[in-house]
Amino acid sequence: MSAVAAEAGVATGTAYTHYASKDELVLAAYVETKSELSAASTADLGDAGDAAERFRAIWLAAYRHLAANQEHALFLLQVDCSPYRAAAHEAATAGEEDGLLREAASSGIAERLLPLPLEVVYELGLGPAVRLAATGQRLTADELTTVADACWRAISRPGT
């Protein structure tokens with residue numbers, strides 16, 4: 001907490017005014033990061049085509065957002081590989097409506113998804129975008145589209 005307070009330019013006690021513990025701060029940062037990712041991923045969807053096309057648009061927007069904000073991708077991976085994982089995922093899907101979850105539940109996508117736990121859908125669907133952005137690996141537009149389409153095939157029923 002002292003490092004966070006120093007970075008923010010406030011006293012450590014001030015940081016504790018907003019967050020009772022480091023755990024609360026990490027969860028709040030995770031929820032904010034996921035919320036920004038959700039908003040960026042779904043902002044320009046409009047009435048974009050069928051489920052596969054919508055997924056591709058979401059995936060590519062998620063990758064672009066995270067590639068432009070690599071520290072966000074690194075943070076998401078760090079939390080996902082930490083003891084905070086379960087609490088962070090629960091906090092991120094509670095409260096305000098998540099645009100990614102809303103999109104997954106509508107627009108013809110839900111009925112095309114394989115019956116997998118939500119966490120598996122995320123890992124196979126958007127996880128590769130997070131990891132590619134976190135590593136700084138840059139792919140061509142065609143390569144990114146190929147990866148997005150492969151992710152869709154991994155989570156959707158055959159023939160969709």
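Which residues touch the most other members of the largest nonpolar core? In this predicted model, that core holds 36 residues, and those in touch with the most other members are Trp59, Tyr63, Leu66, Leu126 and Trp152. Two or more residues are given to the core by each of helix H3 (22-42), helix H4 (51-68), helix H5 (70-80), helix H6 (85-93), helix H8 (118-125), helix H9 (127-135) and helix H10 (141-155). H4 supplies the largest share, with 10 residues.

The surroundings of Trp59 were examined with neighbours within four places in sequence left aside. Its contacts are then Gly125, Leu126, Pro128, Ala129, Leu132, Leu144, Val147, Ala148 and Cys151. Among these partners is Leu126, which is itself listed with Trp59 among the residues that touch the most other core members.

The overall architecture is helical: the chain contains 10 helices and 0 strands. Its pattern along the sequence reads α-α-α-α-α-α-α-α-α-α. Taken along the principal axes, the box filled by the C-alpha atoms is roughly 55 × 30 × 30 Å. The chain has 160 residues, of which 36% count as buried. Among contacts with a separation of 6 or more, 73% involve residues 24 or more positions apart.

Three helix pairs illustrate the packing. The first to be described is that of H4 and H9, whose axes lie 9 Å apart at an angle of about 25°. Because angles under 35 degrees count as roughly parallel, H4 is classed as roughly parallel to H9. The crossing of these two helices is right-handed. On the H4 side the contact is made by Trp59, Tyr63, Leu66 and Ala67, and on the H9 side by Pro128, Ala129, Val130, Leu132 and Ala133. By class, this contact comprises 9 nonpolar residues, with no polar and no charged residues. The H4 residues Trp59, Tyr63 and Leu66 of this contact also appear among the residues that touch the most other members of the core.

A second arrangement is found between H4 and H5, whose axes come within 4 Å and cross at roughly 105°. H4 is therefore roughly perpendicular to H5. Here His65, Leu66, Ala67 and Ala68 of H4 meet Gln70, His72, Ala73 and Leu76 of H5. The residues of this contact comprise 5 nonpolar and 3 polar residues, and none that is charged. Leu66 and Ala67 thus take part in the contact with H5 and also in that with H9.

His65, one of the H4 residues that meet H5, is buried, since its relative accessible area of 15% falls under the 20% cut-off. With residues up to four places away in sequence not counted, His65 touches Glu36, Leu37, Ala40 and His72. Of these partners, His72 belongs to the H5 side of the H4 and H5 contact.

The third pair consists of H3 and H6, whose axes come within 9 Å and cross at roughly 50°. These two helices are therefore oblique to each other, and their crossing is right-handed. The contact brings Leu27, Tyr30, Val31 and Lys34 of H3 against Ala87, Ala88, His89, Ala91 and Ala92 of H6. By class, its residues divide into 7 nonpolar, 1 polar and 1 charged.

Within H6, Ala88 is buried, with a relative accessible area of 0%. Leaving aside neighbours within four places in sequence, the residues in contact with Ala88 are Leu27, Tyr30 and Val79. Two of these partners, Leu27 and Tyr30, are on the H3 side of the contact of H3 with H6. The C-alpha atoms of Ala88 and Val31 are 7.2 Å apart in space, although 57 residues separate the two in sequence.

The environment of Gly159 stands in contrast to that of Ala88: Gly159 counts as exposed, at 87% relative accessibility, whereas Ala88 is buried. Gly159 lies in the segment after H10. Its C-alpha atom is separated by 25 Å from that of Tyr63, and the two residues are 96 positions apart along the chain. Tyr63, in turn, is one of the H4 residues in the contact with H9.

Conventions
Residues numbered from 1 in each chain as written. Predicted model: local features only at pLDDT ≥ 70, side-chain atom pairs only at ≥ 80, totals over all residues. Heavy atoms only, no water. Core = buried A, V, L, I, M, F, W, Y, C linked by side-chain atoms within 4.5 Å. Buried < 20%, exposed > 50% of the residue type's maximum accessible area, 1.4 Å probe, protein only. Contact = heavy atoms within 4.5 Å. Axes fitted to C-alpha atoms, helices over the stretch in contact; angles between N-to-C directions. Parallel < 35°, antiparallel > 145°, perpendicular 65-115°, else oblique. Left-handed = near helix turned anticlockwise from the far one by under 90°. Nonpolar A, V, L, I, M, F, W, Y, C, P; charged D, E, K, R; others polar.
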